[in-house]
Amino acid sequence: MYNSASIVTAGDVTEEWRQRAQREGLARVMRASQPAEYNADTTERTRQVVAEQLRTAARELARPLSAVLEIGCGIGRLTPTLAAQAGHVTALDMTPGMLDEAKTSCSELSNVEFELARAEDLPWHGRNFDVAVSVWVLMHVLDEAALAEICRSISHSCRYFVLMEYAQAAIPVSEWSRPRTVDDYLALMPGAQLVETQELLYGGDRSTAALIRLPG
Ligand SMILES: C[S@@+](CC[C@H](N)C(=O)[O-])C[C@H]1O[C@@H](n2cnc3c(N)ncnc32)[C@H](O)[C@@H]1O
C-alpha cells in the first residue's frame, strides 16, 4: 500500500470531481486518457460483472437482496443494475453535479434513494445493507486512515462488498487516485473472505472486481 504523504488534498479531489461532472455523458466517470469509444462496451461489461456478483451474494444469502448501498454512484451508470437486483438501493456521491445527473437518469426507479455525502463521513453508519458496491471510487480516498475507517465501517454495516478498482493501469493514474490491491482492502477488513474476482479490461487498463464476504 502507498504510504507517502500526498501533496494532493481531499479538497483538490473534490474540486477535480466537480470539474469532471461538467464533461459530457460517460466521460464524466471514465478516464479521459482512454478512447471514448471504449466507454459504452466497458460500461456494459461492468454492469454484467456487478450483476453477477450481486446474484452470487443473493445465492449465498439464500434470499433476494433487500438493501444495497452504492458508494460513489457518479451519474448513476450502474445504479439501475443495482436497482434491478435489490429491494432498495441507497446511492451516494459527494459531487452535486454527478448526483443531479444520477437523479435525472434514474428518475423512473422507485426503489432508489440518492444522498449527497462523502464516504469519509460514513453516512451509512447505523444502517444495515446486504451489499455495498463501490466501483472506481475508493482509489480517490487518498488518506490511508480515512480509508481504513471507511472499510471498517462497511465491514460492520454490510454482509458483502462488491469492490472494483484498477489492478493495473496502462497509463499512470492521476494524482487524484491511489491504486490499491484487493489484498490491501482485505487487510483493512479483518475476518473478510474473498468469494471471487473477475477482471475487466478497459483499453489497456485492467480492473479487478472482487466479491468479498464480510464478517458482519
Ligand atoms: C470514477 S467515478 C465512478 C462512478 C460510478 N461508481 C461508476 O462506476 O460509474 C467516481 C465517483 O466517485 C465519487 N467520489 C470520489 N470520492 C468520493 C468520496 N470520498 N465520497 C463520495 N463520493 C466520492 C466522485 O464524485 C465520482 O462520481
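Guide: UniProt positions are given here in the numbering used for this structure, feature names are shortened, and annotations may be inferred rather than shown by experiment. The model itself is predicted.

Visitor: At which residues does UniProt place the feature "domain: Methyltransferase"?
Guide: The feature comes from an unreviewed UniProt entry, and such annotations may be inferred rather than shown by experiment. With that caution, the record places "domain: Methyltransferase" at residues 68-153.

Visitor: How far apart do the end C-alpha atoms of residues 68-153 lie?
Guide: The span that UniProt marks as the domain, residues 68-153, is 31% helix and 28% strand. Between the C-alpha atoms at its two ends, the separation is 15 Å.

Visitor: In what order do the elements of the chain run from the N terminus on?
Guide: The chain holds six helices and seven strands. Reading from the N terminus, with α for a helix and β for a strand, the order is α-α-β-α-β-α-β-β-α-β-α-β-β.

Visitor: What is the radius of gyration of the chain?
Guide: For 216 residues the globule rule gives 17 Å, and the value for this chain is close to that, so the chain is as compact as a globular protein of that length. Along the principal axes, its C-alpha atoms fill a box of roughly 40 × 40 × 30 Å. The radius of gyration is 16 Å.

Visitor: Among contacts between residues at least 6 apart in sequence, what percentage join residues at least 24 apart?
Guide: A contact here requires C-beta atoms within 7 Å, and the percentage is taken among contacts between residues at least 6 apart in sequence. Those that join residues at least 24 apart make up 66%.

Visitor: Which residues have the most contacts inside the largest nonpolar core?
Guide: The largest nonpolar core has 57 residues. Strand E5, residues 158-168, gives the largest share of this core, with six residues. Inside the core, the residues with the most contacts are Val68, Val131, Ala132 and Val162.

Visitor: Which residues does Val162 touch, leaving aside those up to four places away in sequence?
Guide: Val162 is one of the residues with the most contacts inside the largest nonpolar core. Once residues up to four places away in sequence are left aside, Val162 touches Val50, Gln53, Leu54, Val131, Val133, Ala209 and Leu211.

Visitor: Which residues around the ligand are the closest?
Guide: The ligand is surrounded by 19 residues. By class, this shell has eleven nonpolar, four polar and four charged residues. The closest of the residues around the ligand are Gly72, Gly74, Arg77, Met94 and Thr95.

Visitor: Is Ala62 buried or exposed?
Guide: Ala62 lies in the loop between helix H2 (38-61) and strand E1 (65-71), and its phi is near 60 degrees, a positive value in a residue other than glycine. Most residues other than glycine have a negative phi. Since 12 or fewer other C-beta atoms within 10 Å make a residue exposed, and Ala62 has 6, Ala62 is exposed.

Visitor: Is Trp136 buried or exposed?
Guide: Trp136 also has a positive phi, near 60 degrees, and its place is in the loop between strand E4 (129-135) and helix H5 (144-157). A residue counts as buried with 20 or more other C-beta atoms within 10 Å. Trp136 has 22 such atoms, so Trp136 is buried.

Visitor: Which residues does Leu186 touch, leaving aside those up to four places away in sequence?
Guide: Leu186 has its place in helix H6, and with 18 C-beta neighbours inside 10 Å it counts as partly exposed. From Ala91, 95 residues apart in sequence, its C-alpha atom is 23 Å apart in space. Beyond residues up to four places away in sequence, Leu186 touches Ala192, Leu194 and Ile212.

Visitor: How far apart in space are Arg152 and Glu120, C-alpha to C-alpha?
Guide: Arg152 is found in helix H5 and is partly exposed, with 14 other C-beta atoms within 10 Å. Along the sequence, Arg152 and Glu120 are 32 residues apart, while in space, C-alpha to C-alpha, the distance is 11 Å.

Technical notes: Residues are numbered from 1 along each chain as its sequence is written. This is a predicted model: local features need pLDDT of at least 70, side-chain atom pairs count only at pLDDT 80 or more; totals for chains, interfaces and linings use all residues. A residue is near a molecule or strand if its C-beta atom, placed from the backbone, lies within 6 Å of it. Ala, Val, Leu, Ile, Met, Phe, Trp, Tyr, Cys and Pro count as nonpolar, Asp, Glu, Lys and Arg as charged, and the others, Gly among them, as polar. A nonpolar core is a set of buried Ala, Val, Leu, Ile, Met, Phe, Trp, Tyr and Cys residues joined through C-beta atoms within 7 Å. Helices (H or I, at least four residues) and strands (E, at least two) are DSSP runs, numbered from the N terminus. Two residues are in contact if their C-beta atoms, placed from the backbone, lie within 7 Å. The radius of gyration is taken over C-alpha atoms; the globule rule is 2.2 Å times the number of residues to the power 0.38.
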